[in-house]
Amino acid sequence: MRLFVSRLFLLVIALAVCAIFIVLTGNNPLTAAQALAHGALGTPRAWAESLAKTTPLIMTGLCVAVAFRAGFFNIGAEGQFLLGALTATALGTKFPLPWPFVLLGGALAGAFWSSLAGWMKLRRGAPEIITTIMLNYVAIQLVSFSLQIPDKPGAPRGWLLETKAVQPQSDSMAAQSQLPSLMANTNLHVGLFIALLCAFGCWWFLFRSERGFLARAAGANPLAARAAGIQTDRQIQFATALAGALAGLGGAMEIAGATKQLGQTPPGYGYTAIAVALLGDLNPLGLLPAALLFGGLSAGGGAMERNAGVPAVTVSLVVGVLVCFVALLPRLKKES
(Lines give C-alpha, C1' and ligand atoms only; values in the text may rest on other atoms or scores of the structure.)
Protein backbone atom coordinates (compact mmCIF):
# COMPACT_ATOMS: atom_id res chain seq x y z
CA MET A 1 0.00 0.00 0.00
CA ARG A 2 2.82 2.37 0.89
CA LEU A 3 4.51 1.70 -2.45
CA PHE A 4 1.25 2.46 -4.28
CA VAL A 5 0.96 5.77 -2.45
CA SER A 6 4.56 6.55 -3.33
CA ARG A 7 3.87 5.97 -7.03
CA LEU A 8 0.77 8.12 -6.86
CA PHE A 9 2.84 10.83 -5.21
CA LEU A 10 5.38 10.64 -8.06
CA LEU A 11 2.57 11.12 -10.58
CA VAL A 12 1.27 14.15 -8.68
CA ILE A 13 4.76 15.66 -8.60
CA ALA A 14 5.16 15.10 -12.35
CA LEU A 15 1.83 16.80 -13.04
CA ALA A 16 2.82 19.68 -10.74
CA VAL A 17 6.04 20.19 -12.70
CA CYS A 18 3.99 20.17 -15.87
CA ALA A 19 1.60 22.76 -14.39
CA ILE A 20 4.53 25.04 -13.55
CA PHE A 21 5.75 24.75 -17.13
CA ILE A 22 2.29 25.64 -18.46
CA VAL A 23 2.12 28.71 -16.20
CA LEU A 24 5.53 29.84 -17.44
CA THR A 25 4.26 29.66 -21.03
CA GLY A 26 1.39 31.99 -20.10
CA ASN A 27 -1.40 29.42 -20.12
CA ASN A 28 -3.87 28.22 -17.53
CA PRO A 29 -2.98 24.75 -16.20
CA LEU A 30 -6.59 24.02 -15.17
CA THR A 31 -7.84 24.77 -18.67
CA ALA A 32 -5.08 22.59 -20.08
CA ALA A 33 -5.94 19.76 -17.69
CA GLN A 34 -9.61 19.93 -18.63
CA ALA A 35 -8.77 19.84 -22.33
CA LEU A 36 -6.39 16.94 -21.79
CA ALA A 37 -8.96 14.95 -19.78
CA HIS A 38 -11.71 15.62 -22.30
CA GLY A 39 -9.47 14.68 -25.21
CA ALA A 40 -8.50 11.42 -23.51
CA LEU A 41 -11.72 10.32 -21.81
CA GLY A 42 -14.46 12.85 -22.56
CA THR A 43 -16.25 11.02 -25.38
CA PRO A 44 -16.56 7.46 -26.66
CA ARG A 45 -14.28 8.39 -29.56
CA ALA A 46 -11.74 9.82 -27.11
CA TRP A 47 -11.84 6.59 -25.12
CA ALA A 48 -11.31 4.63 -28.33
CA GLU A 49 -8.23 6.66 -29.24
CA SER A 50 -6.83 6.35 -25.71
CA LEU A 51 -7.26 2.59 -25.79
CA ALA A 52 -5.71 2.48 -29.26
CA LYS A 53 -2.64 4.26 -27.88
CA THR A 54 -2.65 1.96 -24.86
CA THR A 55 -2.48 -1.24 -26.93
CA PRO A 56 1.13 -0.90 -28.19
CA LEU A 57 2.22 0.34 -24.77
CA ILE A 58 0.88 -2.85 -23.19
CA MET A 59 2.83 -4.98 -25.64
CA THR A 60 6.11 -3.08 -25.33
CA GLY A 61 5.63 -2.81 -21.56
CA LEU A 62 5.26 -6.59 -21.38
CA CYS A 63 8.43 -6.90 -23.44
CA VAL A 64 10.40 -4.85 -20.94
CA ALA A 65 8.82 -6.51 -17.88
CA VAL A 66 9.42 -10.10 -19.00
CA ALA A 67 13.04 -9.40 -19.96
CA PHE A 68 13.79 -7.44 -16.78
CA ARG A 69 12.33 -10.21 -14.62
CA ALA A 70 14.79 -12.62 -16.21
CA GLY A 71 17.71 -10.28 -15.54
CA PHE A 72 18.00 -9.05 -19.13
CA PHE A 73 17.86 -5.24 -19.18
CA ASN A 74 16.13 -4.86 -22.51
CA ILE A 75 16.24 -1.27 -23.76
CA GLY A 76 15.51 -2.49 -27.28
CA ALA A 77 11.72 -2.73 -27.27
CA GLU A 78 11.65 0.11 -29.81
CA GLY A 79 13.77 -1.78 -32.32
CA GLN A 80 11.90 -5.03 -31.77
CA PHE A 81 8.61 -3.16 -32.23
CA LEU A 82 9.89 -1.66 -35.49
CA LEU A 83 11.09 -5.01 -36.82
CA GLY A 84 7.66 -6.47 -36.13
CA ALA A 85 6.05 -3.53 -37.91
CA LEU A 86 8.44 -3.82 -40.86
CA THR A 87 7.79 -7.54 -41.25
CA ALA A 88 4.04 -7.07 -40.94
CA THR A 89 4.15 -4.39 -43.65
CA ALA A 90 5.99 -6.73 -46.01
CA LEU A 91 3.55 -9.57 -45.35
CA GLY A 92 0.55 -7.28 -45.72
CA THR A 93 1.61 -5.45 -48.88
CA LYS A 94 4.02 -7.64 -50.88
CA PHE A 95 2.56 -10.98 -49.80
CA PRO A 96 -0.94 -10.08 -48.63
CA LEU A 97 -1.52 -12.81 -46.06
CA PRO A 98 -4.46 -13.07 -43.62
CA TRP A 99 -3.89 -11.03 -40.48
CA PRO A 100 -3.10 -13.97 -38.13
CA PHE A 101 -0.05 -14.80 -40.27
CA VAL A 102 0.90 -11.13 -40.39
CA LEU A 103 0.91 -11.00 -36.59
CA LEU A 104 2.87 -14.25 -36.37
CA GLY A 105 5.49 -12.87 -38.73
CA GLY A 106 5.83 -9.72 -36.66
CA ALA A 107 6.24 -11.72 -33.45
CA LEU A 108 8.94 -13.93 -34.99
CA ALA A 109 10.82 -10.89 -36.29
CA GLY A 110 10.79 -9.27 -32.84
CA ALA A 111 11.96 -12.52 -31.23
CA PHE A 112 14.82 -12.77 -33.71
CA TRP A 113 15.91 -9.17 -33.09
CA SER A 114 15.96 -9.54 -29.31
CA SER A 115 17.67 -12.94 -29.54
CA LEU A 116 20.60 -11.26 -31.29
CA ALA A 117 21.23 -9.17 -28.18
CA GLY A 118 20.66 -12.21 -25.97
CA TRP A 119 23.21 -14.22 -27.93
CA MET A 120 25.79 -11.42 -27.74
CA LYS A 121 25.31 -11.20 -23.96
CA LEU A 122 25.47 -14.92 -23.23
CA ARG A 123 28.14 -15.93 -25.75
CA ARG A 124 30.32 -12.84 -25.96
CA GLY A 125 29.57 -10.99 -22.73
CA ALA A 126 28.33 -7.86 -24.51
CA PRO A 127 26.26 -5.62 -22.18
CA GLU A 128 22.64 -5.84 -23.29
CA ILE A 129 21.96 -2.20 -22.41
CA ILE A 130 24.39 -1.17 -25.15
CA THR A 131 23.54 -3.84 -27.73
CA THR A 132 19.78 -3.37 -27.47
CA ILE A 133 20.09 0.42 -27.82
CA MET A 134 22.37 0.03 -30.85
CA LEU A 135 19.95 -2.46 -32.42
CA ASN A 136 17.25 0.18 -32.05
CA TYR A 137 19.18 2.45 -34.38
CA VAL A 138 19.83 -0.38 -36.81
CA ALA A 139 16.08 -1.06 -36.91
CA ILE A 140 15.34 2.62 -37.54
CA GLN A 141 17.78 2.63 -40.45
CA LEU A 142 16.27 -0.56 -41.87
CA VAL A 143 12.87 1.12 -41.91
CA SER A 144 14.33 4.24 -43.54
CA PHE A 145 16.11 2.11 -46.15
CA SER A 146 12.89 0.22 -46.90
CA LEU A 147 10.99 3.48 -47.45
CA GLN A 148 13.70 5.44 -49.26
CA ILE A 149 12.44 7.86 -51.92
CA PRO A 150 14.68 8.03 -55.03
CA ASP A 151 16.27 11.48 -55.27
CA LYS A 152 16.60 11.31 -59.05
CA PRO A 153 15.32 9.17 -61.94
CA GLY A 154 16.88 5.75 -61.91
CA ALA A 155 18.04 6.02 -58.31
CA PRO A 156 17.28 3.07 -56.02
CA ARG A 157 14.02 3.17 -54.11
CA GLY A 158 12.94 1.47 -50.93
CA TRP A 159 11.48 -1.94 -51.48
CA LEU A 160 8.43 -1.11 -49.34
CA LEU A 161 7.97 2.45 -50.60
CA GLU A 162 4.45 3.33 -51.70
CA THR A 163 3.70 3.03 -55.41
CA LYS A 164 3.30 6.80 -55.84
CA ALA A 165 6.69 7.42 -54.18
CA VAL A 166 5.47 10.76 -52.81
CA GLN A 167 5.88 10.24 -49.06
CA PRO A 168 8.34 7.99 -47.16
CA GLN A 169 5.66 5.46 -46.33
CA SER A 170 4.41 2.12 -47.55
CA ASP A 171 1.24 1.26 -49.42
CA SER A 172 -1.77 0.46 -47.30
CA MET A 173 -2.13 -3.08 -46.02
CA ALA A 174 -4.32 -5.44 -47.99
CA ALA A 175 -7.84 -5.80 -46.59
CA GLN A 176 -7.31 -9.39 -45.44
CA SER A 177 -4.12 -8.36 -43.64
CA GLN A 178 -5.82 -5.70 -41.52
CA LEU A 179 -7.12 -6.34 -38.03
CA PRO A 180 -10.88 -5.92 -37.55
CA SER A 181 -11.86 -2.53 -36.15
CA LEU A 182 -13.79 -2.19 -32.88
CA MET A 183 -15.19 1.29 -33.62
CA ALA A 184 -15.69 2.87 -37.00
CA ASN A 185 -13.48 5.83 -37.94
CA THR A 186 -11.10 5.26 -35.02
CA ASN A 187 -7.82 3.41 -34.59
CA LEU A 188 -9.26 1.01 -32.02
CA HIS A 189 -8.97 -2.61 -33.16
CA VAL A 190 -9.16 -6.16 -31.82
CA GLY A 191 -5.48 -6.00 -30.98
CA LEU A 192 -6.59 -4.51 -27.65
CA PHE A 193 -8.05 -7.89 -26.65
CA ILE A 194 -4.93 -9.67 -27.90
CA ALA A 195 -2.82 -7.35 -25.75
CA LEU A 196 -4.96 -8.07 -22.68
CA LEU A 197 -4.69 -11.81 -23.32
CA CYS A 198 -0.92 -11.43 -23.60
CA ALA A 199 -0.85 -9.57 -20.28
CA PHE A 200 -2.74 -12.33 -18.49
CA GLY A 201 -0.64 -14.96 -20.27
CA CYS A 202 2.62 -13.29 -19.20
CA TRP A 203 1.36 -12.99 -15.63
CA TRP A 204 0.57 -16.70 -15.58
CA PHE A 205 3.91 -17.53 -17.16
CA LEU A 206 5.95 -15.48 -14.68
CA PHE A 207 4.08 -16.25 -11.46
CA ARG A 208 2.24 -19.53 -12.00
CA SER A 209 4.42 -21.67 -14.27
CA GLU A 210 7.62 -23.57 -13.56
CA ARG A 211 9.38 -22.02 -16.56
CA GLY A 212 8.49 -18.56 -15.33
CA PHE A 213 9.80 -19.33 -11.85
CA LEU A 214 13.08 -20.49 -13.36
CA ALA A 215 13.34 -17.31 -15.42
CA ARG A 216 12.67 -15.11 -12.38
CA ALA A 217 15.18 -17.09 -10.34
CA ALA A 218 17.82 -16.63 -13.03
CA GLY A 219 17.13 -12.92 -13.05
CA ALA A 220 17.00 -12.44 -9.28
CA ASN A 221 20.29 -14.17 -8.47
CA PRO A 222 22.13 -15.97 -11.30
CA LEU A 223 24.81 -17.39 -8.99
CA ALA A 224 22.30 -18.94 -6.61
CA ALA A 225 20.21 -20.19 -9.53
CA ARG A 226 23.22 -21.92 -11.10
CA ALA A 227 24.13 -23.42 -7.72
CA ALA A 228 20.62 -24.84 -7.56
CA GLY A 229 21.08 -26.51 -10.94
CA ILE A 230 19.12 -24.00 -13.04
CA GLN A 231 20.45 -23.47 -16.55
CA THR A 232 20.40 -19.69 -16.34
CA ASP A 233 21.61 -19.07 -19.90
CA ARG A 234 18.76 -21.09 -21.35
CA GLN A 235 16.19 -19.28 -19.18
CA ILE A 236 17.52 -15.85 -20.10
CA GLN A 237 17.61 -16.68 -23.82
CA PHE A 238 14.04 -17.96 -23.72
CA ALA A 239 12.76 -14.92 -21.82
CA THR A 240 14.65 -12.62 -24.17
CA ALA A 241 13.07 -14.21 -27.25
CA LEU A 242 9.63 -14.09 -25.61
CA ALA A 243 10.09 -10.41 -24.78
CA GLY A 244 11.06 -9.58 -28.35
CA ALA A 245 8.12 -11.56 -29.69
CA LEU A 246 5.76 -9.46 -27.58
CA ALA A 247 7.21 -6.19 -28.89
CA GLY A 248 7.23 -7.50 -32.46
CA LEU A 249 3.63 -8.57 -32.11
CA GLY A 250 2.79 -5.10 -30.84
CA GLY A 251 4.44 -3.54 -33.88
CA ALA A 252 2.55 -5.84 -36.23
CA MET A 253 -0.75 -5.02 -34.52
CA GLU A 254 -0.07 -1.30 -34.75
CA ILE A 255 0.49 -1.54 -38.51
CA ALA A 256 -2.29 -4.01 -39.22
CA GLY A 257 -4.83 -2.43 -36.90
CA ALA A 258 -4.17 1.28 -36.38
CA THR A 259 -2.01 2.95 -39.04
CA LYS A 260 -2.58 0.41 -41.87
CA GLN A 261 0.79 1.46 -43.35
CA LEU A 262 4.39 1.92 -42.26
CA GLY A 263 5.89 5.38 -41.88
CA GLN A 264 9.47 6.50 -41.40
CA THR A 265 9.04 8.23 -38.04
CA PRO A 266 9.75 5.92 -35.05
CA PRO A 267 6.71 5.77 -32.75
CA GLY A 268 8.64 5.88 -29.47
CA TYR A 269 6.49 3.25 -27.76
CA GLY A 270 9.53 1.17 -26.86
CA TYR A 271 11.08 3.92 -24.75
CA THR A 272 7.86 4.88 -22.97
CA ALA A 273 7.45 1.17 -22.24
CA ILE A 274 10.31 1.30 -19.74
CA ALA A 275 8.38 3.76 -17.58
CA VAL A 276 5.19 1.73 -18.08
CA ALA A 277 6.86 -1.48 -16.93
CA LEU A 278 8.58 0.09 -13.93
CA LEU A 279 5.43 1.90 -12.79
CA GLY A 280 3.70 -1.47 -12.96
CA ASP A 281 6.43 -3.02 -10.76
CA LEU A 282 7.37 -5.33 -13.67
CA ASN A 283 4.05 -7.10 -13.16
CA PRO A 284 2.16 -7.85 -16.40
CA LEU A 285 -1.15 -6.99 -14.76
CA GLY A 286 0.22 -4.04 -12.81
CA LEU A 287 1.43 -2.31 -15.96
CA LEU A 288 -2.06 -2.23 -17.50
CA PRO A 289 -3.18 0.94 -15.63
CA ALA A 290 0.23 2.51 -16.31
CA ALA A 291 -0.19 1.82 -20.03
CA LEU A 292 -3.67 3.34 -19.93
CA LEU A 293 -2.28 6.42 -18.19
CA PHE A 294 0.36 7.02 -20.84
CA GLY A 295 -2.05 6.11 -23.62
CA GLY A 296 -4.54 8.67 -22.35
CA LEU A 297 -1.85 11.33 -22.09
CA SER A 298 -0.80 10.65 -25.66
CA ALA A 299 -4.35 10.72 -27.00
CA GLY A 300 -5.31 13.85 -25.04
CA GLY A 301 -2.22 15.84 -25.98
CA GLY A 302 -3.64 16.88 -29.33
CA ALA A 303 -6.89 18.09 -27.78
CA MET A 304 -4.94 20.08 -25.21
CA GLU A 305 -3.09 21.87 -27.99
CA ARG A 306 -6.24 22.56 -30.02
CA ASN A 307 -8.54 23.63 -27.21
CA ALA A 308 -6.22 25.19 -24.65
CA GLY A 309 -3.37 26.45 -26.81
CA VAL A 310 -0.84 24.43 -24.83
CA PRO A 311 1.79 22.65 -26.95
CA ALA A 312 1.23 18.90 -27.16
CA VAL A 313 4.91 18.47 -26.38
CA THR A 314 3.93 19.22 -22.76
CA VAL A 315 2.77 15.60 -22.59
CA SER A 316 6.33 14.57 -23.39
CA LEU A 317 7.42 16.68 -20.43
CA VAL A 318 5.10 14.73 -18.13
CA VAL A 319 6.47 11.44 -19.49
CA GLY A 320 10.05 12.64 -19.10
CA VAL A 321 9.54 13.74 -15.50
CA LEU A 322 7.83 10.44 -14.70
CA VAL A 323 10.72 8.51 -16.21
CA CYS A 324 13.12 10.46 -13.99
CA PHE A 325 11.04 9.81 -10.91
CA VAL A 326 10.64 6.15 -11.83
CA ALA A 327 14.34 5.82 -11.07
CA LEU A 328 13.37 6.38 -7.42
CA LEU A 329 11.03 3.38 -7.35
CA PRO A 330 13.64 0.76 -6.33
CA ARG A 331 14.58 2.95 -3.38
CA LEU A 332 10.94 3.50 -2.45
CA LYS A 333 10.24 -0.22 -2.73
CA LYS A 334 13.19 -0.98 -0.48
CA GLU A 335 12.02 1.46 2.15
CA SER A 336 8.44 0.17 1.99
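Visitor: Is phenylalanine 205 buried or exposed?
Guide: In this predicted model, phenylalanine 205 counts as buried, because its relative accessibility is 10% and the cut-off for buried is under 20%.

Visitor: Which residue forms an aromatic pair with phenylalanine 205?
Guide: The partner is phenylalanine 238. The ring centres are 5.9 Å apart with 50° between the planes, and the pair is tilted.

Visitor: Where in the chain do the two rings come from?
Guide: Phenylalanine 205 belongs to helix α7 (residues 191-208), whereas phenylalanine 238 belongs to helix α10. The two are 33 residues apart, and the pair links distant parts of the chain.

Visitor: How does phenylalanine 238 count in terms of accessibility, and what is the value?
Guide: Phenylalanine 238 counts as partly exposed, because its relative accessibility is 35%, between the limits of 20% and 50%.

Visitor: And what lies over the face of phenylalanine 238?
Guide: Arginine 211 does, at 4.1 Å from the ring centre.

Visitor: How many aromatic pairs does the structure hold?
Guide: There are 4 aromatic pairs. One of them joins phenylalanine 112 and tryptophan 113; their ring centres are 6.4 Å apart and their planes stand at 50°, so this pair is tilted. Tryptophan 113 is itself buried, at 8% relative accessible area.

Visitor: Changing topic: which residues have the most contacts inside the largest nonpolar core?
Guide: Leu62, Leu246 and Phe294 have the most contacts inside that core, which has 88 residues. Helix α10 (residues 232-259) gives the largest share of the core, with 11 residues.

Visitor: What is leucine 62 in contact with?
Guide: Apart from neighbours within four places in sequence, leucine 62 contacts Ala195, Cys198, Ala199, Cys202, Leu246, Pro284 and Leu287. Leu246 is thus both a contact of leucine 62 and one of the residues with the most contacts inside the core.

Visitor: Now asparagine 74: where is its place?
Guide: Asparagine 74 is in the loop between α3 (44-69) and α4 (77-93). This asparagine is buried, with a relative accessible area of 1%.

Visitor: What does asparagine 74 touch?
Guide: Not counting residues up to four places away in sequence, asparagine 74 touches Cys63, Val64, Ala67, Phe68, Gln80, Thr132 and Ala243. In addition, a polar atom of the asparagine 74 side chain lies 2.9 Å from the backbone nitrogen of glycine 76.

Visitor: Last one: which helix holds threonine 54, and what does this residue contact?
Guide: Threonine 54 is found in helix α3 and is buried, at 3% relative accessible area. With neighbours within four places in sequence left aside, threonine 54 contacts Ala291, Leu292 and Gly295.

Notes: Residues numbered from 1 in each chain as written. Predicted model: local features only at pLDDT ≥ 70, side-chain atom pairs only at ≥ 80, totals over all residues. Heavy atoms only, no water. Helix = DSSP H or I, 4+ residues; strand = E, 2+ residues; numbered from the N terminus. Buried < 20%, exposed > 50% of the residue type's maximum accessible area, 1.4 Å probe, protein only. Polar contact = N/O pair within 3.5 Å; in protein donor to acceptor, adjacent residues only side chain to side chain. Contact = heavy atoms within 4.5 Å. Core = buried A, V, L, I, M, F, W, Y, C linked by side-chain atoms within 4.5 Å. Phe/Tyr/Trp six-rings, centres within 6.5 Å; stacked < 30°, edge-to-face > 60°. Lys NZ or Arg CZ within 6 Å of the ring centre and 35° of its normal.
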